[in-house]
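Work through the exercises below with the sequence and the coordinates open. Each task is followed by a solution in steps.

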Amino acid sequence: GVAFTSFPSFLGEFVLKDKTVIGACGTHGKTTTTYFFSQMMEALGEDVGYFVGGIIEGRAPSHLGKSPYFVIESDEYDSAYFQKISKFRLYELNHMILTSLEFDHADIFSDIEDIKKEFDPVLNDFKGVVVANDDYSAIWDLKDKHSDLEWIMYGQSSDIGPKEIETLKGKTKFKLKLDNEYVTFETNVIGTHNILNISACLQILKNLGYSTTELQACVQELGMVKRRQEERGYYQKTLVIDDFAHHPKAITLTLEAIKTKYPGKEIITVFEPVSATARSSVFQSEFEKSLELSDKVILAVNPLRTTVQNSENLDADQIVQGLNKKGIESVRVDNLDELRAQLDKWVSENAVFLILSNRTCLGLWESDFVKALS
C-alpha cells in the first residue's frame, strides 16, 4: 500500500516544476554539456541547480541551487521498468540543447524513428528555444515537424558557427555568431566536439539575456567530468587517458580531440565494446571505421552476450582483421592478463594509451594497474 514512482517523475514533479529548466539532450555530449553549462552559469554569478550524470572532481554531481535556473542531463533512455518513456519527457523542460541525434540503445529502441518519437510529446507544446546541432539529419526531421518553434541551428556548417576553431598551447579560440555579430571566444577546453557543446550553451545563455562580455569571460576556464578525456597518469612513461566513449561517433570525436591535443604522439586505442548496443553487430562496420584514426588498436572483448533482440554479437575478429589490412596494427584480448601483457608490449614514451570503455575495461580500472600509474 505504499505509493511509489519513478525517479525521473519525482524529479520533474517535486524539484523541476518551479524552475526554468535547461535540458541537455542528444546521443552524445549530454554529461559534458550539462557540466559546462553549470560552470558557465556559476561564473555568471548564478547559484544554478544542476544534475550531471557523471563524477565530478571536488564536488557533488547534483545541486539544487537558489537560482531560478536548473540544467539537467536529459537522457533518452527508459525512465523505469514500469515507465517505458524517455526520462527527458518528465523533466519539465523550458529550453532544450540538442547536441546530436543518432541511433543508439538498440536494447530499447528499434531504430532512429523510435527515438525521434520520444521528442514529439515535449516539442508539441514547447514554449522555449531549441538550440540544435545542424549536423544530424534526424534533428532536421524534428525541426521540419515542429517548425513553429524557435530553433537556433548551430554547427560547423551553420552560419552561426562555431567557426575558425584553432588550438594552440592548450587553448582554443573560435568564433560564434551572437545577435548577428561574430564574437571571438577563448577557452582552455580542447576538441571540436567540446567547442560545439560550449557553443550550444552560449546560445542559450545569450537567449537568457547575458551580455557578450559576460559570456566571453565565463568560458575561459572550464573543468571536465571524470572519464571524459581524463588524464589518469603515466604507465611506464606512456600517458594514459580514460574516456567513456562507446558509440562510433563518440569514438571518432574523441580520437580527433586527442590527436589535436597530442600532435606527433602515437595513439594506441584500447576499446571495450561493452554496452548492450556496442556488444551487438549493430555498429559492426562503424566501429572499424571510427578506430581507423588510431595508430594501433587493442580490442578488449567482454564475454557478455548482447541483449539486443534480432542481433548477433559484435564480430571482434572481423574488426581486428579489417584494421590490420589497412595497416593499423591491431590485436584482440579477452581478459585482463592479455590486456596488461599487450600494454606492456606497446609502452613508449612517444605513445598515448587512450582507453575507451563505459565500464572497467576487462577490470583494468579495478586492478593494480591504477597503482602503477605515476
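**Exercise 1. Find how β10 and β11 are joined, then place them in their sheet.**

Solution. The model is a predicted one.

Step 1. Strand β11 covers residues 171-178, and four bridges connect β10 to it, the two running antiparallel. K163 has K175 of β11 opposite it.

Step 2. The sheet is open and has three strands, ordered β10-β11-β12, with antiparallel pairing. Strands of a sheet pair through backbone hydrogen bonds, either parallel or antiparallel.

Step 3. The edges are taken by β10 (163-168) and β12 (181-187); each has a single partner strand, so one side of each has no neighbour in the sheet. On average, neighbouring strands here are turned by 20° against each other, direction ignored.

Step 4. Helix α5 (residues 192-207) packs on this sheet and touches β10, β11 and β12. The direction of α5 makes about 40° with that of β11.

**Exercise 2. Decide how far β8 is enclosed, and trace its connections to β7 and β9.**

Solution.

Step 1. Buried means under 20% relative accessible area. Five of the five residues of β8 are buried, so the strand is largely enclosed by the rest of the structure.

Step 2. Take the faces in turn: V129, V131 and N133 are buried on one side, and V130 and A132 are buried on the other. Both faces are therefore covered.

Step 3. On the β7 side, three bridges make the link to β8, and the two strands run parallel. Here I97 is opposite V131 of β8. Together with α3, strands β7 and β8 make a right-handed β-α-β unit.

Step 4. With β9, strand β8 shares five bridges, again in a parallel run. N133 has Y154 of β9 as its bridge partner. A right-handed β-α-β unit is made by β8, α4 and β9.

**Exercise 3. For helix α4, work out which residues are buried and what covers them.**

Solution.

Step 1. Helix α4 spans residues 137-145, and its buried residues are A138, I139 and L142. Viewed down the helix axis, these residues fall within an arc of 105°, so they line one face of α4.

Step 2. S137 and D144, on the other side of α4, are exposed.

Step 3. The cover over the buried residues includes β7 (95-98), α3 (112-123), β8 (129-133) and β9 (150-154).

**Exercise 4. Identify the residues with the most contacts inside the largest nonpolar core, and list what M96 touches.**

Solution.

Step 1. The largest nonpolar core has 57 residues. Inside this core, L93, M96, F119, L123 and W151 have the most contacts.

Step 2. Leaving out residues up to four places away in sequence, M96 touches G23, C25, F119, V122, L123, F126, V129, V130, V131 and I204.

Step 3. Another core, of 40 residues, lies apart from the largest one; I56, Y69, I198 and L222 are among its members.

**Exercise 5. Is S86 buried or exposed, and which residues does S86 touch?**

Solution.

Step 1. S86 lies in strand β6 (residues 83-86).

Step 2. The relative accessible area of S86 is 0%, so the residue is buried.

Step 3. Not counting residues up to four places away in sequence, S86 touches D75, E76, Y77, S79, F109 and E118.

Definitions and conventions. Residues are numbered from 1 along each chain as its sequence is written. This is a predicted model: local features need pLDDT of at least 70, side-chain atom pairs count only at pLDDT 80 or more; totals for chains, interfaces and linings use all residues. Side-chain values use heavy atoms; hydrogens and water are left out. Buried means under 20% relative accessible area, exposed over 50%, partly exposed in between (1.4 Å probe, protein chains only). The arc is that of the directions from the helix axis to the C-beta atoms. Contact means heavy atoms within 4.5 Å. A nonpolar core is a set of buried Ala, Val, Leu, Ile, Met, Phe, Trp, Tyr and Cys residues joined through side-chain atoms within 4.5 Å. Two strands pair if DSSP finds at least two bridges between them. A crossover is right-handed if, with the strands pointing away from the viewer, the path from the first strand over the helix to the second runs clockwise. Axes are lines fitted to C-alpha atoms, for helices over the stretch in contact, and angles run from 0 to 180 degrees between N-to-C directions.
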